[in-house]
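Colleague: Please take a close look at a single part of this model, namely helix packing, and continue from there to whatever adjoins it. Please state each criterion where it is used.

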Amino acid sequence: MTRGRRTAALCAAVAALLLGLLTAPAAPAAGAAGAAPQARSQSFDEGWRFALVNTESATDPTGAYADAYRPSYDDSAWRRLDLPHDWAIERPPTTTGSTYSEGFYPGGLGWYRKTFTLPPRLAGKRLSLEFDGVYMDSSVYVNGQVAARHPYGYTGFEVDLSDLVHTDGSTPNTVAVKVVNQVQSSRWYSGSGIYRHVRLITTDRTHIDRHGVTVTTPDLKDTYQDGYAKVRARTRVAGGDGTVTTTVYDAKGTEVARADGADAELRVPDPQLWSPDRPYRYTAVSTVTVDGRKVDSVRTRFGIRWFSFDPDHGFSLNGRRTKLRGVNLHHTLGPLGAAVSEDAMRRQLTKMKQMGVNAVRTSHNPPAPELVELCDELGLLLMVEAFDTWRTPKKPYDYGRFFDEHSDSDITEMVRAARNSPAVVMWSIGNEIPDGTSVEIGVPIARRLIDDIKAADPTRPVVIGSHSYTSVPQDGSAQDQILRMLDGVGLNYNSAKSIDALHAKYPNTFFFESESASATSARGAYQDPQWGNTAQDYTPGRREPSSYDNNMVSWASSGEHALKKDRDREFFAGQFIWSGQDYIGEPTPYNNVFPVKTSYFGAVDTAGFAKDQFYLYQSQWTSRPMVHLVPMDWTTHEPGEQVSVWAYSNAEKVELFLNGRSLGARSFDRKTTTYGAAYRETTEPTGDDKQYPSGSYTSPNGSTGSLKLRWNVPFAKGELTAVAYRDGKPVARDTVRTAGSPAGVRLRVERGKKLSFVTADVVDARGVLVPYADNLVAFRAKDGRVVATDNGRQENGTSYASPAQRAFHGRVMAVVTTGSHVTASLGPASPAPPADASFSASATTLPEAMTDDDPATGWSSLATKGASLQFPAMTHAHAREWVALNWTGERSVSRLTARFTTGGALTLPQSVRVTYWNGTRYVPAPGVRTTWADTSDAPSTFAFSPVETSRLRLEMTSPTPGAATGFFRISELTAEP
């Protein structure tokens with residue numbers, strides 16, 4: 001991989017790209033004249049009307065929509081749209097009617113209506129609508145009558161239309177859907193509306209029931225050795241009696257087995273096994289006949305594989321031991337919100353596969369059918385999860401309101417919808433459930449949910465994801481009782497020592513980490529590589545945690561620590577990192593700081609751009625040679641500045657070059673776990689685990705070490721290149737280059753069937769990515785549409801629906817309809833704020849506080865990072881800080897006055913430098929004369945020869961860098977002529 005390389009690609013101020021037209025044939029509309037014979041399943045996504053009634057509450061304050069369920073209601077002024085649809089994502093984030101946990105997006109009340117006709121040939125047929133998911137609390141009306149109510153936003157449901165619709169070809173039918181999402185209903189962004197697909201199902205009265213075909217491969221471990229697979233196909237027929245025939249076809253469409261009966265056993269010779277490396281699938285066609293007439297047929301894709309979770313030896317698939325290299329993924333798709341897009345899902349999952357991922361946890365809800373299908377196709381194992389809460393709510397309007405009445409049917413629907421998937425290896429009854437600590441409430445609920453799952457699918461283990469096992473439970477406690485009911489337990493953020501203690505007490509239960517790491521980072525941001533955990537910057541416009549794998553909240557650990565902990569334990573089945581991709585909502589560590597609207601946990605950002613964490617995992621989870629340099633920025637450094645350079649690689653040696661000159665090679669040592677697995681890491685103290693006497697995480701084999709190679713490099717402009725070697729031969733390289741000023745935009749595309757994803761890189765005149773660029777990039781799509789834009793920046797108040805976004809660290813992305821001719825134009829950079837600083841310690845000590853004429857407020861760099869799973873609390877002064885004043889247009893200035901607060905950890909600078917912006921860069925002010933105050937908050941002055949400028953900066957050096965003292969606070973900062 002090479003970034004910032006010179007290119008002959010178009011990179012003018014306006015760049016253009018023609019996306020090849022990729023289309024699929026459209027399904028005929030229901031009841032259209034001259035349409036083909038009615039298919040069993042037809043899309044019902046097109047031709048809806050929509051009205052957003054209220055975003056601030058779930059009420060209809062004027063009563064204007066009270067009759068929206070009636071066929072006679074006039075919806076002609078409503079918006080026309082096609083499904084899937086998420087009404088919240090179309091709006092800009094706001095503090096009105098929203099919360100930070102849901103990304104500052106409101107919910108509210110919405111109505112959908114569709115009017116259609118059905119032809120006479122459908123008279124007497126069984127007709128139904130299948131909704132894959134509506135968020136949430138939906139009511140479906142058919143021709144004015146209540147046909148269904150479905151509160152849970154993440155499970156599908158069926159609406160029987162048979163006795164409610166007209167089938168004369170002329171009388172209109174109306175389906176109306178009321179959707180209520182009363183904020184707060186979720187701990188993360190849920191989206192709002194009919195956000196998954198809807199289908200019209202047409203069958204005879206005698207038909208195969210919804211989710212009525214179940215395919216299993218019993219005794220496969222034994223029969224495979226004998227050269228065949230025993231396939232059992234159970235078909236549930238409803239509405240009458242019929243004869244069932246099941247035919248199995250291989251991936252080429254060749255028939256390989258056939259049998260009659262509703263409970264049929266088939267023999268597939270020489271079976272091809274499904275696995276992440278080769279996700280081979282078969283198709284079972286179940287046909288029902290009545291008196292020799294075919295009345296229904298259902299196709300079921302399935303895979304032939306076996307797996308096991310061994311409490312001592314971990315996970316194995318098809319007899320081969322492997323670790324679960326998993327990620328947690330919420331259901332949202334970056335700038336598309338919750339609205340299902342197969343193209344966006346494929347892009348997301350393909351990115352995960354490139355990182356080395358082999359498993360996905362559907363945190364914390366049942367997934368869309370398209371995600372299950374893609375995991376089957378691409379080869380990704382699945383842990384399918386039911387709930388984020390049981391009876392006791394986590395948010396005032398979450399699913400807890402409906403749990404007792406609906407949880408049995410919802411968890412059964414979850415299992416039935418996905419039980420034929422070869423990808424699914426675990427069912428989870430919940431995540432971090434408050435009721436899980438209650439003997440009276442949680443224990444009987446857990447038993448009921450487990451029984452529900454086992455009744456629908458006895459072939460897979462049942463687990464939970466929990467943060468209630470960070471220590472060994474007491475005998476008889478709710479945690480102890482629930483654990484003993486389950487086949488396995490997913491641990492959220494456990495220390496290595498607590499994992500070992502749990503395994504010792506519960507030797508018959510398998511363990512894995514359902515949430516690991518949870519380190520936060522922003523793509524392209526770097527801070528304090530010398531510290532294992534760092535305080536984050538609250539300066540507006542730079543709320544970007546460090547990408548040196550060193551920003552962690554209290555429960556979290558670094559990605560490296562999570563990898564080592566999992567690697568060293570044979571009994572541990574694997575891990576699911578939190579998280580595979582940034583998602584909207586839960587903007588930790590900047591909770592309730594508008595406009596920070598997305599999380600920082602992902603290995604890739606919401607735009608799908610890889611962060612440095614992506615390459616850390618790739619170096620440990622893949623074998624194809626790779627190397628990646630950290631930082632990805634070789635531009636924004638001062639000449640001679642010592643830059644901590646890291647290399648992630650799966651090769652044994654990496655050599656670093658600066659402008660062609662070798663800076664030396666670093667190597668990993670070859671090591672072996674106590675159970676015989678080979679791995680590579682350095683041998684050195686790491687200081688990354690406070691629970692060990694040495695302060696370093698120590699493998700059971702007694703070794704300590706790092707998964708990265710490091711150099712300290714004095715910065716010089718040019719090219720920094722890492723070359724990775726295996727067996728003495730170069731096998732991979734990565735290069736970062738110093739960029740000049742933004743000069744143009746370079747486009748590249750990832751094409752999908754319906755949507756394509758266009759990345760715009762802001763480049764200099766030589767085609768080098770400009771890592772500091774935040775220029776506005778405006779997209780246009782001729783013969784198509786710009787659906788959404790995103791730059792991956794968490795602190796972003798711009799609507800995703802806008803066709804223009806600012807670049808974030810030089811990069812921005814547009815989602816467009818495939819077939820578009822796309823252009824992108826480069827606009828101006830962001831204006832400088834009136835007051836700025838290098839680092840602000842909290843949301844209440846921002847640079848603007850220096851200019852608000854209030855002596856009680858002020859900017860400060862004094863920050864303490866709280867303790868985390870690995871590290872104690874930390875307080876370290878930076879060696880240097882700066883504050884700045886900026887204004888529109890140049891003015892003459894000759895004096896800067898600062899009121900420093902002193903006392904305790906706050907002090908005067910050891911030295912200062914006044915610099916001003918000369919139109920290109922900051923340069924020293926001439927003839928600076930300093931007068932220090934002798935009391936706290938008294939004025940210190942810095943006089944100099946007059947300069948004409950629009951920006952003035954005070955650069956300060958700490959007297960005690962790295963210590964718990966030597967911080968600065970300025971209550972007032974002014975510039976005078």
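Modeller: Helices α8 and α9 are roughly parallel to each other, because their axes cross at roughly 20°; angles under 35 degrees count as roughly parallel, over 145 as roughly antiparallel, 65 to 115 as roughly perpendicular and the rest as oblique. The model is a predicted one, in which local features need pLDDT of at least 70 and side-chain atom pairs count only at pLDDT 80 or more, while totals for chains, interfaces and linings use all residues. Residues are numbered from 1 along each chain as its sequence is written, and side-chain values use heavy atoms, with hydrogens and water left out.

Helix α8 spans residues 559–567 and helix α9 residues 612–621, and their axes come within 10 Å. Helices (H or I, at least four residues) and strands (E, at least two) are DSSP runs, numbered from the N terminus. Axes are lines fitted to C-alpha atoms, for helices over the stretch in contact, with angles from 0 to 180 degrees between N-to-C directions.

The crossing of α8 past α9 is right-handed, that is, the near helix is turned clockwise from the far one by less than a right angle. On α8, the contact (heavy atoms within 4.5 Å) is made by Gly559, Glu560 and Leu563, and on α9 by Gln613, Leu616, Tyr617, Gln620 and Trp621. These residues divide into 4 nonpolar, 3 polar and 1 charged; Ala, Val, Leu, Ile, Met, Phe, Trp, Tyr, Cys and Pro count as nonpolar, Asp, Glu, Lys and Arg as charged, and the others, Gly among them, as polar.

The adjoining element is a barrel. Its 8 strands close in the order β22-β23-β24-β25-β26-β27-β28-β29, with parallel pairing; two strands pair if DSSP finds at least two bridges between them. From one strand to the next, the twist averages 25°. Strands β23 (residues 359–362) and β24 (residues 381–385) run parallel and are joined by 3 bridges; Val360 has Leu382 of β24 as its bridge partner.

Two helices may be placed against this sheet. Helix α5 (residues 442–456) packs on the sheet and touches β25 (424–431) and β26 (462–466), its direction making about 155° with that of β25. Helix α9 also packs on the sheet, where it touches β22 (324–329), β28 (510–517) and β29 (572–578), and its direction makes about 160° with that of β29. Helix α9 thus touches strands of the sheet as well as contacting α8 through residues such as Leu616 and Trp621.
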